[in-house]
Amino acid sequence: MRSLGRASLVRNEKMIERQYDVIVVGAGHAGCEAASAAARMGCRTCLITMDMTKIAQMSCNPAIGGIAKGQIIREVDALGGMSGIVTDRTAIQFRMLNRSKGPAMWSPRSQCDRMAYSREWRRILENTPNLHIWQDQVDSLIVEDGKLRGVRTIWGLDFFAPAVVITAGTFLNGLMHIGRHKVEGGRIAEPAVHHLTESITALGIRSARMKTGTPVRLDARSIDFSQLEPQVGEDDFHRFSYITGRRPLPQMHCWLCQTNETVHTILRSGLADSPLYNGQIKSIGPRYCPSIETKLVTFPDRDHHPLFLEPEGSDTHELYLNGFSSSMPADIQLEAIRHIPGFEHAVAYRPGYAIEYDFFDPTQLYQSLQSKLLPGLYMAGQVNGTTGYEEAAGQGIVAGINAALQVRDEQPLVLHRDEAYIGVLIDDLVTKGVDEPYRMFTSRAEYRILLRQDNADERLTPIAERIGLCSEERAKVFHRKHEMVEAIVKYCEETKLKPADINPVLQEMGSQALKYSESLKELLGRPQVTLKGLAAHLPVLKKMMDNDGSIDEEVAEAAEVRIKYAGYIQRERRLADKMQRLENIRIRGHFHYMDIQQLTIEARQKLTRIDPENIAEASRIPGISPNDIAVLLVLMKR
């Protein structure tokens with residue numbers, strides 16, 4: 001046997017030292033969830049980040065949740081992710097949005113302490129078994145004989161793994177803009193990542209450019225809050241994680257204010273120097289979170305726009321001016337702000353800016369978020385053309401789970417559109433692609449009555465148990481809640497009350513008296529009647545909802561929603577089951593679409609490019625007509 005020299009031995013030992021099952025590139029919200037999931041599923045995982053002090057940095061708004069976004073974080077938590085736990089531990093204000101609408105629209109939102117949020121995520125990651133954090137910048141992929149081997153950093157170090165998750169956020173060839181000034185960077189005062197995009201596109205993966213932005217940060221000591229309208233948070237049982245308790249940090253106010261014509265006049269005077277309108281920025285920004293200058297141009301007749309002043313933390317004076325995202329010249333931004341009532345003496349920590357960055361065409365990914373061109377390569381977050389921490393976290397946990405499942409040689413996890421908002425998000429990305437930064441809304445989910453924030457655990461925690469991402473504590477809480485809800489629903493279906501027994505209670509609730517006996521389930525169909533109200537008069541029901549001497553309000557809400565909206569839920573379930581039959585008709589690998597003359601040219605091209613897994617996925621591709629689907633069904637003898 002040939003003996004190895006000392007240099008060869010050292011090199012081989014270092015290769016073994018840097019040999020992992022999963023490598024995650026980037027420690028933003030997607031990267032943190034991906035690395036945490038893969039490691040807790042038993043994979044030796046390396047999280048590579050340029051700056052360990054910026055782990056899970058809230059680059060823009062220091063808040064988690066919102067319309068549909070809150071549902072995503074509840075789903076991440078139900079799958080065993082950590083974003084909901086970190087949010088609850090660092091929240092400084094909580095609100096449940098859309099309470100005036102039905103439960104399908106209720107969306108939790110938390111203002112967070114920005115620095116505490118990052119510290120808590122780092123603490124969790126550093127104490128996660130199987131997880132190693134390495135501070136460095138990834139420069140390229142290592143691909144040998146068409147197979148992914150790992151990554152190489154700017155310092156020439158090679159890290160090896162059969163699965164790599166790219167979650168580089170806005171750093172790929174990032175370019176920041178303030179007025180006519182341009183500076184390379186992925187975030188203010190942080191360097192851009194060069195070469196990695198080129199390493200990936202060399203494999204045939206398509207890239208393009210997108211733009212996003214952030215507003216000015218202000219000093220609270222310079223604001224006259226007496227001229228602003230306070231927005232007070234809520235302090236009830238609602239939270240993001242199913243396994244956290246009360247929010248530990250002091251709760252704070254936000255404030256509502258608005259622009260005016262003077263502010264608009266000053267901003268218009270700077271439009272010639274705006275990179276959005278002088279040709280400096282050519283990429284597309286988020287439609288649903290426009291800059292203040294875009295609002296002025298798009299809505300020229302509006303004499304004001306609402307703004308929200310939000311605290312960045314419980315121990316800082318820094319404030320975030322939500323709604324005033326801008327890349328205008330810094331002097332224009334500050335002059336305009338000082339004409340908002342209460343901001344006359346405003347002092348800024350820094351101006352707003354825009355940033356352009358690379359992303360990759362998500363239609364080149366499978367539903368598992370694995371690349372169709374390079375097995376083992378996964379992508380999650382803004383590199384897939386999305387915007388928002390929540391969308392990133394949802395993709396991150398799915399990518400991390402699937403990277404781990406690949407290493408374990410198990411089938412990938414695919415969340416369907418009737419199972420999770422995360423499933424809707426990923427399906428939209430891989431079947432429709434993006435031509436602007438993608439943001440989740442409740443309107444994007446056709447089965448949103450099934451995808452409520454209250455039942456995310458019911459939908460997804462069994463999956464977490466199956467794949468090994470559910471802690472004993474989470475399993476215990478889930479099964480206890482599930483059993484209590486089932487028992488309450490069954491009791492309400494089987495228990496009938498006579499008019500004489502319940503009419504005084506109904507009168508107290510402002511509901512019409514009974515003439516004949518009715519079940520509790522029928523009574524709960526009335527808008528004025530609540531489980532909590534009934535429990536106050538029905539000892540058996542109260543005992544079923546008891547949690548250490550008080551009503552378990554989370555259980556009561558889940559059971560009440562299921563009972564009150566049973567008809568809607570059943571109808572939507574039937575529609576979802578009907579679509580599921582199309583999901584079961586697999587077509588990937590069955591056709592050479594360009595040879596099917598009965599299909600339109602557009603259909604042939606798009607089906608070839610996206611290569612859908614099944615008929616249902618094909619039907620959601622823009623440009624695919626019902627006639628095209630009928631042709632495929634006939635060819636499949638269906």
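Which residue stands opposite A63 in β5? In this predicted model, the residue opposite A63 is Q111 in β5, and this pair offers a convenient way into the sheet around it. Strand β3 and strand β5, which covers residues 107-112, run antiparallel and are joined by 3 bridges. They belong to an open sheet of 3 strands, arranged in the order β3-β5-β4 with antiparallel pairing. Because β3 (63-65) and β4 (91-97) each have a single partner strand, they stand at the edges of the sheet, and one side of each is left without a neighbour there. If direction is ignored, neighbouring strands of this sheet are turned by 15° against each other on average. A helix accompanies these strands: α4, made of residues 83-90, lies across β3, β4 and β5 and runs at about 115° to β4.

A second group of strands can be followed by starting from β10, which spans residues 163-166, and by looking at where its side chains point. A163 and V165 point one way from this strand, whereas V164 and I166 point the other way, and all of these residues are buried. Strand β10 pairs with β1 (residues 22-25) in the parallel sense, over 4 bridges, and within this pairing V24 has V165 of β10 as its bridge partner. Strand β10 is also joined to β20, which holds residues 377-379, by 3 bridges, and these two strands run parallel as well. Here I166 is the residue that stands opposite M379 in β20.

From the strands we can turn to the cysteines and ask how many disulfides the structure holds. The number is 0, and C32 gives one example, since it is in no disulfide and the nearest cysteine sulfur, that of C46, is 13 Å away. C32 counts as buried because its relative accessibility is 0%. For C289 the closest cysteine sulfur is in C60, at 6.4 Å, and that is too far for a bond, because the two sulfur atoms of a disulfide must be within 2.5 Å of each other. With 46% relative accessibility, C289 counts as partly exposed.

Charged side chains provide another kind of link, and the count of salt bridges in the model comes to 47. In one of them the side chains of D158 and R152 meet, with a distance of 2.5 Å from N to O. The two partners can be described by their accessibility: D158 counts as buried at 17%, while R152 is partly exposed, with a relative accessible area of 36%. R187 and E190 form a further salt bridge, in which the closest N and O atoms are 2.8 Å apart, and both of these residues are buried.

The salt bridge between K532 and E553, whose closest N and O atoms are 3.2 Å apart, can be placed on two helices. K532 lies in helix α16 (residues 531-535) and E553 in helix α18 (residues 553-564), so the pair ties together parts that are 21 residues apart in sequence. K532 counts as partly exposed at 45% relative accessibility, and E553 also counts as partly exposed, at 33%. Finally, salt bridges can share partners, and in this way R417, D427, D428, K432, E446, E583 and R620 are joined into one network.

Technical notes. Residues numbered from 1 in each chain as written. Predicted model: local features only at pLDDT ≥ 70, side-chain atom pairs only at ≥ 80, totals over all residues. Heavy atoms only, no water. Buried < 20%, exposed > 50% of the residue type's maximum accessible area, 1.4 Å probe, protein only. Pairing = 2+ DSSP bridges. Axes fitted to C-alpha atoms, helices over the stretch in contact; angles between N-to-C directions. Contact = heavy atoms within 4.5 Å. Salt bridge = Lys/Arg side-chain N within 4 Å of Asp/Glu carboxyl O.
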